[in-house]
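Let's take a walk through this structure together, starting with the space inside and then moving to the surface. Have the sequence and the 3D view ready.

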Amino acid sequence: MASASIGLRLVGGQVRSQLQYRTSFLLQTGAAFLATLADLLAILILFHQFHTLAGWTVGDIALLYGLVAVAWGLTDMVGGGFENLATLIRRGEFDRFLLRPVPAPLQVLAFDFQLRRLGRIANGLLALGLAWSWGALAWSLPKLLVLLLAIASSAVVFFTVLLISAAICFWTIESSEAQNIFTYGGTELASYPIPIYHPLLRGLFLYLVPLALTSYEPALFILGKPDPLGLPSVLRFAAPLVAGAFFALGYGLWQLGLRHYQSTGS
């Protein structure tokens with residue numbers, strides 16, 4: 001609890017420093033919103049020409065897009081330090097984290113907390129609002145709970161991808177562009193129903209990086225749709241367990257890499 005309190009204070013310091021220049025912060029947040037808004041507009045343009053996609057309407061896709069966009073926005077806001085860990089290692093700056101009485105992951109998280117990513121989150125919330133206004137959602141308490149758990153679970157999956165990529169840096173001292181396949185690429189893929197993709201790609205995001213299990217499957221329950229893949233219906237409620245197991249795997253790899261870390265001698 002003491003470490004968590006210190007971590008929150010470090011994050012608070014980052015937030016205060018970013019809010020020192022309000023105009024700059026608002027411009028950066030607005031730019032992040034507009035940049036991601038282009039993705040949402042692309043979906044609207046697509047459905048202006050084709051009214052359904054594998055049985056999904058524009059409102060259905062807006063729900064799926066919003067769910068994934070909010071999840072990735074949360075991860076992108078807190079995970080910048082892990083995304084740039086290779087730079088910290090090469091400069092010798094990561095060694096300082098090991099000398100402080102606070103767990104290294106908390107320090108890395110607080111090192112590059114980017115509040116301007118609220119613009120990306122706002123874009124996802126806009127998509128969810130559109131899904132509701134277009135009648136895709138018939139809200140109930142269970143559906144709202146599943147949606148919130150799906151967002152949190154998908155954020156954990158995205159964060160674990162960054163954590164695994166950062167752990168690999170302990171051996172390679174270089175960041176891997178492969179993580180972008182599962183983060184930025186994953187947001188694009190998970191914004192559409194998974195059955196439209198090749199079986200190999202479906203398997204990749206169902207079983208290796210289980211983003212489809214934390215976004216697509218809960219969306220089926222929220223929208224009241226059958227699963228054309230024939231997966232067990234219990235998976236629609238398993239997002240927290242799937243995300244927790246994936247995070248445990250990623251954190252175990254991080255701990256293993258940390259034990260083998262020998263510094264760069266910088």
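How many cavities of 30 Å³ or more does the count come to? Bear in mind that the model you are looking at is predicted. The count comes to one cavity of 30 Å³ or more, and the space in the largest cavity is about 30 Å³. Rolling a probe the size of a water molecule over the atoms shows where empty space is left.

To find this spot in your viewer, select the residues that line the largest cavity: Leu64, Leu189, Ala190, Tyr192, Pro193, Ile194, Ala212, Ser215 and Tyr216. Two helices are good landmarks here, as α11 (184-190) and α13 (211-223) each supply at least two residues of that lining. The largest share, three residues, comes from α13. What is the lining like by class? It has eight nonpolar residues, one polar residue and no charged ones.

Now let's move to the outside. On the surface, Trp132, Trp139, Leu141, Leu144 and Leu148 form a nonpolar patch. Together these residues have about 560 Å² of accessible area. Helix α9, which covers residues 141-172, gives the patch its largest share, three residues.

One member of the patch deserves a closer look. Leucine 144 lies in helix α9. Is leucine 144 buried or exposed? Neither label fits: leucine 144 counts as partly exposed because its relative accessibility is 38%, and partly exposed is the class between buried, under 20%, and exposed, over 50%.

Conventions. Residues numbered from 1 in each chain as written. Predicted model: local features only at pLDDT ≥ 70, side-chain atom pairs only at ≥ 80, totals over all residues. Heavy atoms only, no water. 1 Å grid on protein atoms, 1.4 Å probe; cavity = no way out; pocket = protein on both sides within 12 Å on 5 of 7 lines; lining within 4 Å. Points joined across faces, edges and corners; volume = space filled by probe spheres on them. Helix = DSSP H or I, 4+ residues; strand = E, 2+ residues; numbered from the N terminus. Nonpolar A, V, L, I, M, F, W, Y, C, P; charged D, E, K, R; others polar. Patch = residues over 30% accessible without salt bridge, like charges linked within 9 Å, V, L, I, M, F, W, Y side chains within 5 Å. Areas by Shrake-Rupley, 256 points an atom, 1.4 Å probe, with all protein chains shown as cover. Salt bridge = Lys/Arg side-chain N within 4 Å of Asp/Glu carboxyl O. Buried < 20%, exposed > 50% of the residue type's maximum accessible area, 1.4 Å probe, protein only.
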